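Notebook open, structure loaded. I jot down what I look up as I go.

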Amino acid sequence: MTPGEFERKNAARWAEYEALLAASRKKGGARDPRVTELPRRFREICLDLSLAEARMYGGLLIERLNALVIRGYERLYRTRRGGMERFVRFLTTGFPQAVRRDWKLFWLCNAAFWVPFLLLMVSESRDMRWIQSVLGPEGMANMESMYASREGQADHLRAEYGSNFMMFCFYIWNNVAIDFRIFAGGILAGLGTMFFLLFNGVYIGGAAGYANHACDPVAFWSFVSGHSSFELIGMVIAGMAGMRIGLAILRPGRLPRTRALVAAARDSLPLLYGAALLTTLAAAVEGFWSAQPVEPMVKYVVGIIGWLLHAVYFLFAGRGD
Amino acid sequence: MAAPAVLDTLQPVELAEGVEIRLRVAGPLQRIGAYLIDLLIRVALFIVLTILYSISGIALGGQVVTGLVLLTWFVIDWFYPVFFEAGKHGATPGKRMVGLRVVQISGTPITIGQSVVRNFMRFIDGLPMFNYIVGLASCFATRRFQRLGDLAAGTVVVYQRVPPQPGVPAPPPIRAMAPPVGLSGAEVRALSSFRDRSGLWPEARRIEIADQARALSGAAGAEGASRLMAMAHWLRGQSGGGT
């Protein structure tokens, strides 16, 4: 059979297949009864392509069949998107399970943040120069403007109408983006992730030390306590997601590096989504609660409850399944 | 004859149906073009929304407007490509205009997760200072022009539609002639592309290319070219299931 004959004989079938593809793309096309024909037609076209290849028809004919097969393939092999149900299952089981599965990374990333944090914070009592050089003059002025006294804190930032909402958006823009950058840094064999975790540990530890030294500590600690658990755990979990990817490059195991990387990126996604969610919650708490004029004791209690809830959630949620 | 894979960016992928399709992987140049178009769209979108917020700011108050601007910036910055590439067309508006789309290495549409991974990695691919030097280096170092985000997500950027070739008809075949020796599949394919494309070339170029296959045609110059055409014509007429 010559290519010309082959084309003439099958042209009608191919046109029909193209019409089916177009019909399935229309709105409500999935309910069109003819569309159930599509998988069979698709396999026929696949056969046509392999025949044409085997008979070396070459050229434009093969190119056309190739394009037809690709279009059907893209149409048939879509992944279904889950809705609300998948999200709830992620919250109740998927996320805490993902964190527990990588418990070693959890402690590694915690150490990368908390060790420099504590070192810098404690260094305040011995030698302020470390903290001073970390914060710089601007950072120190900033800290003083925010936490110099308890009365200043709420009035300074949040007197104007809508400023709570503005700060909420600011924390999303800034802190959730930090999570994403920590995650992306994993592709540099984990170096980027580690850098951001250590850097945040040093800087936040320095800020805490400076608040104890030069500002009103109650103003500082009562402000941060409410959202601290959400924000810091969120950041650590973003670090886990990044390190997951970094480790695939450092220790791919039995897989080739490229395959290990793809698998690790897929596994890191629940961690990334969870981290973004926690940090968004932190932004809400920080925006609408942390600066409210409430007794410091109440704020401390809320903060401690936050940490306890996190511990319970990550230790016990999703154990049953 | 050189294998066709060396000459172009076609990537063979075998499907579960047992057939092989060829994806045409896009190079950095087209992708830079698409990126710049997207950049323009994003900036324009941001400016338009900011103006809208500012107008409605009379009712909402300045602080709320600042918040909305930050939120919009965050969403456009991180989620513009994620949203579009996970969508129906698998491409941002810029990529669609250039005729590209993002697919998995297997050729299937990408998932939301893959879209998140490949686009969040732009933060590293864009280094230094969003110049995409890292991403470009990675593209040149990999067989499928993958930047780091593509490597992590397992995705490639391919041509959605092959740009249509100008419809110049091939010179009409004058005679058909059997090749002197049996030809391999790749060789048959090369002869057939020679015929399909020869309408696009001036005479001198056609002869220059035909001279590369002098061993097959047994003649140089115009005679060689016409013999190759004759063989291609013969193959088109003859090739069939049994032969």
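In which sense do strand 3 and strand 4 of chain B pair, and over how many bridges? I find strand 3 (residues 100-104) and strand 4 antiparallel, with 5 bridges between them. Two strands count as paired if DSSP finds at least two bridges. The elements are DSSP runs, helices being H or I of at least four residues and strands E of at least two, numbered from the N terminus.

Before going on, a note to self: this is a predicted model, where local features need pLDDT of at least 70 and side-chain atom pairs count only at pLDDT 80 or more, while totals for chains, interfaces and linings use all residues. Residues are numbered from 1 along each chain as its sequence is written, chains are lettered from A and ligands numbered from 1 in the order written, and side-chain values use heavy atoms, with hydrogens and water left out.

**Strand 4, chain B.** I looked up the cover of strand 4 (residues 155-159) and got 5 of its 5 residues buried. Buried here is under 20% relative accessible area, exposed is over 50%, and partly exposed is in between (1.4 Å probe, protein chains only). Across from B:Val158 in this strand I see B:Arg101.

**Strands 1 and 2, chain B.** Strand 1 (residues 10-14) and strand 2 (residues 20-24) run antiparallel and are joined by 5 bridges. I noted B:Pro12 with B:Arg22 as its bridge partner in strand 2. The two strands make a hairpin with 5 residues between them, and B:Gly18 in the turn has a positive phi of about 85°. Side chains alternate along strand 1: B:Gln11 and B:Val13 point to one face and are buried, whereas B:Leu10, B:Pro12 and B:Glu14 point to the other and are not.

**Loop between helix 6 and helix 7, chain B.** I checked the backbone here. B:Pro128 sits in this loop, after helix 6 (122-125), and the peptide bond from B:Leu127 to B:Pro128 is cis, with omega near -10°. B:Phe130 is in the loop too, and its phi is near 55°, positive though the residue is not glycine. B:Tyr132, also in the loop, has a positive phi near 60°, again in a residue other than glycine. Which of the two is buried and which exposed? B:Phe130 counts as exposed because its relative accessible area is 56%; B:Tyr132, at 15%, counts as buried.

**Surface patches.** I looked for nonpolar side chains (Val, Leu, Ile, Met, Phe, Trp, Tyr) joined within 5 Å and like charges joined within 9 Å, in residues with over 30% relative accessible area and no salt bridge. A salt bridge is a Lys or Arg side-chain nitrogen within 4 Å of an Asp or Glu carboxyl oxygen.

The nonpolar patch has about 1,000 Å² of accessible area together, and B:Leu52, B:Ile55, B:Leu136 and B:Phe140 are among its residues. Helix 2 (28-60) and helix 7 (133-141) of chain B each supply at least two of its residues. Helix 2 gives the largest share, 9 residues, and B:Leu52 is found in that helix.

The positive patch gathers A:Arg25, A:Lys27, A:Arg78, B:Lys88 and B:Arg96. A:Arg25 belongs to helix 1 (residues 3-25) of chain A, and I put it down as partly exposed because its relative accessibility is 39%.

**Last look-up.** B:Ala190 lies in helix 9 (residues 185-197) of chain B. I have B:Ala190 and B:Tyr159 as 31 residues apart in sequence and 22 Å apart in space, C-alpha to C-alpha.

Technical notes:
Areas by Shrake-Rupley, 256 points an atom, 1.4 Å probe, with all protein chains shown as cover. Lys, Arg positive; Asp, Glu negative; His and termini not counted. Charge placed at Lys NZ, Arg CZ, Asp CG, Glu CD.
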